[in-house]
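Please consider how charged side chains pair in the model shown below. The account moves from one ion pair to a small network.

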Amino acid sequence: GDSHKNVNNLLMALRSLHKQKRPFSFDLVLSRPHSNRLLEKIRKCISDGVRINLIQKIERENLLSLYRNSDALVFPSLFESFALPLIEARSANLPIIASERDFVREACTPIQTFDPNSSTSIANAIDRFLGVKSSENRIHDAESFLNEVVSD
């Protein structure tokens, strides 16, 4: 739940993928104390239909089982002093989708990377991992752009 963990951008990316009807479910592990505001955002995503399983406390054995039963680890962190989840995921031979940061490259070789400051970049990296072909962005005239933005 710490700000450098970058959960807000991850949630925006998951919302975007959900709107595009991408086939995913997401286990979100928050092991440290976190703000009520962040929990509200997560619960709002869940109530809007984003398939997130919020895990607030997990024992080590269950965490290793979670790694074994997952398709990938998504690690949106902005910085880490020691990126233990990356090392654990690497040890479990779990594909890693992570921020394009030096600390990530020091711990592992991710299968996909993204700009952690961009929820669009995070969503695109997950799409690449899922094998979803990206479509070119449409060029809008002002009226159609405003109609699409207002409808969202």
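The following paragraphs describe the salt bridges and their surroundings.

This is a predicted model, in which local features need pLDDT of at least 70, side-chain atom pairs count only at pLDDT 80 or more, and totals for chains, interfaces and linings use all residues. Residues are numbered from 1 along each chain as its sequence is written, and side-chain values use heavy atoms, with hydrogens and water left out.

Side chains of opposite charge can pair when their charged atoms come close. A salt bridge is taken here as a side-chain nitrogen of Lys or Arg within 4 Å of a carboxyl oxygen of Asp or Glu. On this criterion the model contains 6 salt bridges.

One of them joins E80 to K5, with an N to O distance of 2.8 Å. The two residues belong to distant parts of the chain, 75 residues apart: E80 is in the loop between β3 (73–75) and α4 (84–91), whereas K5 is in the segment before α1 (7–19). Helices (H or I, at least four residues) and strands (E, at least two) are DSSP runs, numbered from the N terminus. E80 is buried at 15% relative accessibility, while K5 is partly exposed at 24%; buried means under 20% relative accessible area, exposed over 50%, and partly exposed in between (1.4 Å probe, protein chains only).

A second site centres on D48, whose side chain forms a salt bridge with R15 at 2.8 Å, N to O. Because D48 lies in the loop between α2 (36–47) and β2 (52–55) and R15 in helix α1, this pair ties together parts that are 33 residues apart in sequence. D48 also meets K44 in a salt bridge, at 3.0 Å from N to O. Through shared partners, R15, K44 and D48 form one network. Partly exposed status applies to D48 at 32% relative accessibility, to R15 at 28% and to K44 at 45%.
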